Amino acid sequence: MDMRSNNHQQQQQQVLDGSDIVELVENEKVFENFVEQKFQQLDQDEDGKLSVKELQPAVADIGAALGLPAQGTSPDSDHIYSEVLNEFTHGSQEKVSKTEFKEVLSDILLGMAAGLKRDPIVILRMDGEDLSEFIHSPGYEAEIVSIYCSALSGCEEASLRDCIAKALQSLSVDHGMPPNDPWVISNIVEPIVESCLDEADKREKCVSQERFLEAFKRVVERVAQRLNEQPVIVAHSENTFDGSGIRRLLSNKFEFDKALNVALEIIPKDRHGKVSKEYLRAVLDTVAPSATLPPLGAVSQMDDMIREALKMVNGDDGKMVKEEEFKKTMAEILGSIMLQLEGSPISVSSNSVVHEPLTSATFLPAPPAEADEPSN
């Protein structure tokens with residue numbers, strides 16, 4: 001893209017780096033009001049305390065804000081939801097007071113803020129201008145020809161409609177096209193393809209390159225127009241896990257012991273003070289932010305590495321071990337993951353459509369009243 005396009009893209013961006021969350025939590029009056037509002041929303045029976053059932057929506061929202069799949073869809077992430085709930089209930093309480101809710105919520109939000117500071121999320125407002133510029137750029141036709149060849153590869157008998165729909169999936173955020181999200185498909189792509197092609201066009205097969213280019217351009221121009229009329233908000237994040245965060249943590253014994261001790265405080269122990277190795281995964285997830293690792297369940301490649309590391313130390317055998325041995329095993333697991341990441345870093349980039357106003361799309365709160373509101 002040219003300089004003008006880059007300038008426009010920068011003007012349509014908002015960076016979420018956690019500063020608004022920190023500002024909220026540190027503003028006692030504003031945070032008190034935020035907690036009061038959230039508590040009242042959750043306290044369905046209005047008894048002044050939150051039951052486990054009443055806490056579930058908050059836990060689900062926090063999971064969504066962390067980028068986890070929906071509760072009940074992944075065993076690896078479900079235990080994280082359980083850990084969040086345990087933070088509120090301390091593992092045993094049936095009811096949580098407003099004071100306890102506020103304290104735990106503060107810790108969780110500040111943890112989110114720290115994560116956003118390390119890995120900011122860029123909010124993009126896609127209004128069709130970048131897509132329109134791509135359509136009229138010198139390299140447009142060559143790139144679409146390449147996409148056409150790819151779209152028809154192995155499916156020469158596909159209809160024109162199917163070819164266009166498949167080719168649209170090849171356009172990325174860099175082209176000015178929103179992600180291949182179910183909402184985008186059902187509310188933008190499918191209606192526009194339907195409106196731009198008549199019934200004969202939709203069923204037409206073995207289309208020529210020239211015919212495809214003409215129909216495809218008509219559809220993409222209409223998509224750009226649709227985005228101009230109703231922009232789509234997209235959250236973009238990217239990160240590379242290369243093991244450096246683990247190396248920093250393991251090289252600082254004081255910080256490593258501190259992180260493990262905090263994690264082990266909530267882990268059950270027997271009367272001899274021993275810990276079951278079945279909790280290695282949970283402790284690893286608690287220590288993950290200190291090691292610059294994603295939550296379990298968030299990155300499939302990382303989950304595979306963790307499973308391999310756990311297998312090497314028989315981490316799933318449920319054996320009871322002394323706390324010192326547990327810590328030593330945790331260091332071995334982290335060391336194994338570090339070596340794997342140093343040899344094969346994992347780069348993660350994601351784009352997701354935000355379907356609600358930014359201040360309510362996730363559990364992340366709006367900035368304090370005194371702060372400037374983010375622009376959409």
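## Overall architecture

The protein contains 17 helices and 8 strands. The model described here is predicted. Of the 376 residues in the protein, 44% are buried. The accessible surface amounts to about 19,600 Å², and carbon and sulfur atoms account for 48% of that area.

Contacts between distant positions are prominent in the count: among contacts in the protein with a separation of 6 or more, 80% join residues 24 or more positions apart.

## Nonpolar cores

In soluble globular proteins, nonpolar side chains tend to be buried together. In this model, the largest nonpolar core has 40 residues, and those that touch the most other members are L131, I144, I164, L168, L171, F212 and F216. Two or more residues each are supplied to this core by the strands β4 (121–126) and β5 (232–241) and by the helices α7 (129–135), α8 (140–152), α9 (160–168), α10 (182–196) and α12 (209–229). The largest share, 9 residues, is that of α12.

F216 illustrates how this core is connected. Leaving aside residues up to four places away in sequence, F216 touches Y140, I144, I164, A167, L168 and L171. Another core lies apart from the one just described; it comprises 35 residues, including F256, V287, A309 and V321.

## Aromatic pairs

The structure holds 6 aromatic pairs. One of them joins F134 and Y140: the ring centres are 5.3 Å apart and the planes lie at 75°, so this pair is edge-to-face. An angle over 60 degrees is what places a pair in that class. F134 is buried, with a relative accessible area of 9%, and Y140 is also buried, at 6%.

Y148 and F212 form a pair whose ring centres are 4.9 Å apart; their planes stand at 45°, so the pair is classed as tilted. This pair links distant parts of the chain, given that Y148 belongs to helix α8 and F212 to helix α12, 64 residues apart. Both Y148 and F212 are buried. Elsewhere, ring pairs link F39, F88 and F101 into a cluster.

## The second largest pocket

The second largest pocket has a volume of about 250 Å³. Its lining consists of 18 residues, and A165, Q169, N180, I185 and V189 are those that lie nearest its centre. The elements that give two or more residues to this lining are α9 and α10. Of these, α10 gives the most, with 6 residues.

Both helices also appear in the description of the largest core, since α9 and α10 are among the elements that give two or more residues to that core.

## Residues with positive phi

Most residues other than glycine have a negative phi. E46 has a positive value, near 55°, although it is a residue other than glycine. E46 is found in the loop between α3 (28–42) and β2 (49–51). Its relative accessibility is 70%, so E46 counts as exposed, the cut-off for that class being over 50%.

T292 likewise has a positive phi, of about 55°, and is not a glycine. This residue lies in the loop between α15 (280–287) and α16 (300–312).

Terms used. Residues are numbered from 1 along each chain as its sequence is written. Side-chain values use heavy atoms; hydrogens and water are left out. A nonpolar core is a set of buried Ala, Val, Leu, Ile, Met, Phe, Trp, Tyr and Cys residues joined through side-chain atoms within 4.5 Å. Buried means under 20% relative accessible area, exposed over 50%, partly exposed in between (1.4 Å probe, protein chains only). Helices (H or I, at least four residues) and strands (E, at least two) are DSSP runs, numbered from the N terminus. Contact means heavy atoms within 4.5 Å. Accessible areas come from the Shrake-Rupley method with a 1.4 Å probe; for residues, only the protein chains shown count as cover. Rings of Phe, Tyr and Trp (its six-membered ring) pair if their centres lie within 6.5 Å; planes under 30 degrees apart count as stacked, over 60 as edge-to-face and the rest as tilted. On a 1 Å grid over the protein atoms alone, a cavity is a set of points where a 1.4 Å probe fits but cannot get out, and a pocket is an open set with protein on both sides within 12 Å along at least five of seven lines; lining residues have an atom within 4 Å of a point. Grid points are joined across faces, edges and corners, and a volume is the space filled by probe spheres set on the points.
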